[in-house]
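Welcome to a short set of worked exercises. Please keep the sequence and the structure at hand as you go through them.

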Amino acid sequence: MPTPHHDAGRTPTRLEGRASWLVSRAHARASGLLGAGFEAHGDGLRGYHYRLLAALEEWGPASQAELGRRTGIDRSDVTAALTRLESRDLVERSADPAHKRRNIVTITAAGAERLIELDKVIDGIQEEFLAPLTAAQRRQFITLLSRLVDPQH
């Protein structure tokens, strides 16, 4: 019986050319870079806080439920994240006059400023993640990934 060889960190040959494996490894690398970047420069905020601020800045005031649906963040996580953002005066919540039990969330001026600062953190992370690629390869990579994420377009 052959002795199994264990080579830590090496990918089994049958996985090396599989797109799903490579995308999952790229995702793990990108997630690690995002986590480290926000840990070092996010002042306690994380990627989901950035996503919520970006959504509010781009789409305007929204209910908590709508924010969850549009950003892909679970409703209970949205509530906790907004509590954190509100405690820092980055968003405001107010009762929806049409539906008293629903909160409408609005980004504040401080939230818009913080979003711009976080854009710089994200830009640095993107640069590090895409460093092995040329500018043309980066554009092609983004185009191809976008097609995989939304095959209808």
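**Exercise 1.** In what order do the strands of the open sheet lie, and is the pairing parallel or antiparallel?

*Solution.* A note before we start: this is a predicted model, in which local features need pLDDT of at least 70 and side-chain atom pairs count only at pLDDT 80 or more, while totals for chains, interfaces and linings use all residues. Residues are numbered from 1 along each chain as its sequence is written, and side-chain values use heavy atoms, with hydrogens and water left out.

Step 1: take the strands as DSSP runs (E, at least two residues; helices are H or I, at least four), numbered from the N terminus. Two strands pair if DSSP finds at least two bridges between them.

Step 2: the 3 strands follow the order S1-S3-S2, with antiparallel pairing. Strand S1 (62-63) and strand S2 (91-96) are the edge strands, each pairing on one side only.

Step 3: check the bridges. S2 and strand S3 (residues 99-107) share 6 bridges; serine 94 has isoleucine 104 as its partner in S3, and valine 91 has isoleucine 107. S1 is joined to S3 by 2 bridges, and alanine 62 stands opposite valine 105 in S3.

Step 4: find the link. A hairpin of 2 residues connects S2 to S3.

**Exercise 2.** Describe the largest pocket and its lining.

*Solution.* Step 1: on a 1 Å grid over the protein atoms alone, a pocket is an open set of points where a 1.4 Å probe fits, with protein on both sides within 12 Å along at least five of seven lines; lining residues have an atom within 4 Å of a point.

Step 2: the space in the largest pocket is about 720 Å³, a volume filled by probe spheres set on the points, which are joined across faces, edges and corners. It has 24 lining residues, and Ala30, Leu34, Gln126, Phe129 and Leu145 are the closest to its centre.

Step 3: assign the lining to helices. H1 (19-41), H2 (47-59), H5 (109-130) and H6 (135-149) each supply at least two residues, and H1 gives the most, with 10.

**Exercise 3.** Is serine 76 buried, partly exposed or exposed, and why?

*Solution.* Step 1: locate serine 76 in helix H4 (residues 75-87).

Step 2: buried means under 20% relative accessible area and exposed over 50%, with partly exposed in between (1.4 Å probe, protein chains only). Serine 76 counts as partly exposed because its relative accessibility is 47%.
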